[in-house]
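Student: Please take a close look at one loop in this model, and then place that loop among the other parts of the chain. A plain account will do.

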Amino acid sequence: MLTRKQLELLLFINDRLKEEGVPPSFEEMKEALNLQSKSGVHRLIVALEERGFLKRMPNRARALEVIKLPDNHSPSLAQKKGGFAPNVIQGSLGKVKPMAPANDGGPRAAVVPLMGRIAAGVPIAAIQDHTNNISVPPEMLGGGEHFALEVKGDSMIDAGIFDGDTVIIRRGDSATNGEIVVALVDEEEATLKRLRRKGESVALEAANTAYETRIFGPDRIKVQGRLVGLLRKY
């Protein structure tokens, strides 16, 4: 599943190729998607390449080829802007499913969906499709929907969250100051950080002195869920 910005860029490039035979420039893509910088365009193109939707032609400027479009997503960009809403945590996959009691009479476990990787570092387009299910102790979960993410990066090590850990997230769009959350930046990239609010500003704070705290306006950050548990393999 693509993020909204990834889909908008793919459709914009596809429409331009059909109309003019050449892809748009980075500046045109930046303006069409209302991005802050061309580096945002580059990250989207890389993500689309990795997912097999785009191909860059070597040794040719502005040479992009659309390999495929997502199923059931062929409208133009203008149509999509009016009808597509981002849903980074897919569908109802976050609903906790209890497992049957163990044969030996031991405690039951709960099953939550593993949704891919989340960056504990520089934000990346991270939350992807449901990739697997994992079993977690039921006492780790409360009410509501939950999902799991594999941590990539070291920016939260002082909070005891290491590269390769699996975090359990309770899905929701709100959090209190100081909670560790999955935050969606510019409806495009996801990261695991401690949330701080001061006035109209929102800070995403790392737990590693090697990383700077990033400050955003309130309209640039959406909370997708908050940390409620962690699993680690030794």
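Tutor: Start with Gly-199, which lies in the loop between β9 (189–198) and β10. The model is a predicted one. Gly-199 has a relative accessible area of 73%, over the 50% cut-off, so it counts as exposed. Its C-alpha is 9.5 Å from that of Pro-218, a residue 19 positions away in sequence.

On the other side of β10 (201–205) comes the loop that leads to β11 (214–216), and Asn-208 is in that loop. Here the accessibility is of the opposite kind: the relative accessible area of Asn-208 is 12%, under the 20% cut-off, and therefore this residue is buried. The side chain of Asn-208 reaches the backbone oxygen of Asp-154 at a distance of 2.9 Å. Apart from neighbours within four places in sequence, Asn-208 has contacts with Asp-154, Ser-155, Ile-157 and Asp-158.

Another loop to consider is the one between β6 (146–152) and β7 (166–171), where Asp-165 is found. With 3% relative accessibility, Asp-165 is under the 20% limit and so counts as buried. A polar contact of 2.7 Å links the side chain of Asp-165 to that of Arg-232. The two residues are 67 apart in sequence, while their C-alpha atoms are 5.1 Å apart in space. Arg-232 is one of several residues that Asp-165 touches once those up to four places away are set aside; the others are Leu-149, Glu-150, Val-151, Gly-160, Leu-230 and Leu-231.

Strand β7 itself holds Arg-170. The C-alpha atoms of Arg-170 and His-146 are separated by 4.4 Å, with their positions 24 residues apart along the chain. The contacts of Arg-170, leaving out neighbours within four places, include His-146 together with Leu-141, Gly-142, Gly-143 and Glu-145. Gly-225, Arg-226 and Val-228 are also among the contacts of Arg-170.

Turn next to the helices. Asn-34 sits in the loop between α2 (26–32) and α3. Asn-34 has a phi near 55°, which is a positive value in a residue other than glycine. Its relative accessibility is 65%, over the 50% cut-off, so Asn-34 is exposed.

Helix α3 (residues 38–50) and helix α1 (residues 4–20) have axes that come within 10 Å and cross at roughly 85°. Since an angle from 65 to 115 degrees counts as roughly perpendicular, α1 is therefore roughly perpendicular to α3. On the α1 side, the residues that meet α3 are Lys-5, Gln-6, Leu-9 and Leu-10. Their partners in α3 are Val-41, Leu-44, Ile-45, Ala-47 and Leu-48.

Ring interactions can be added briefly. The charged end of Lys-68 sits over the ring of Phe-53, at 4.9 Å from the ring centre. The count of aromatic pairs is zero, by the rule that ring centres lie within 6.5 Å.

For the chain as a whole, there are four helices and 12 strands. The chain has 234 residues, and 44% of them count as buried. Among contacts with a separation of 6 or more, 59% are between residues 24 or more positions apart. The contact of Asp-165 with Arg-232 joins residues 67 apart in sequence.

Key. Residues numbered from 1 in each chain as written. Predicted model: local features only at pLDDT ≥ 70, side-chain atom pairs only at ≥ 80, totals over all residues. Heavy atoms only, no water. Helix = DSSP H or I, 4+ residues; strand = E, 2+ residues; numbered from the N terminus. Buried < 20%, exposed > 50% of the residue type's maximum accessible area, 1.4 Å probe, protein only. Polar contact = N/O pair within 3.5 Å; in protein donor to acceptor, adjacent residues only side chain to side chain. Contact = heavy atoms within 4.5 Å. Phe/Tyr/Trp six-rings, centres within 6.5 Å; stacked < 30°, edge-to-face > 60°. Lys NZ or Arg CZ within 6 Å of the ring centre and 35° of its normal. Axes fitted to C-alpha atoms, helices over the stretch in contact; angles between N-to-C directions. Parallel < 35°, antiparallel > 145°, perpendicular 65-115°, else oblique.
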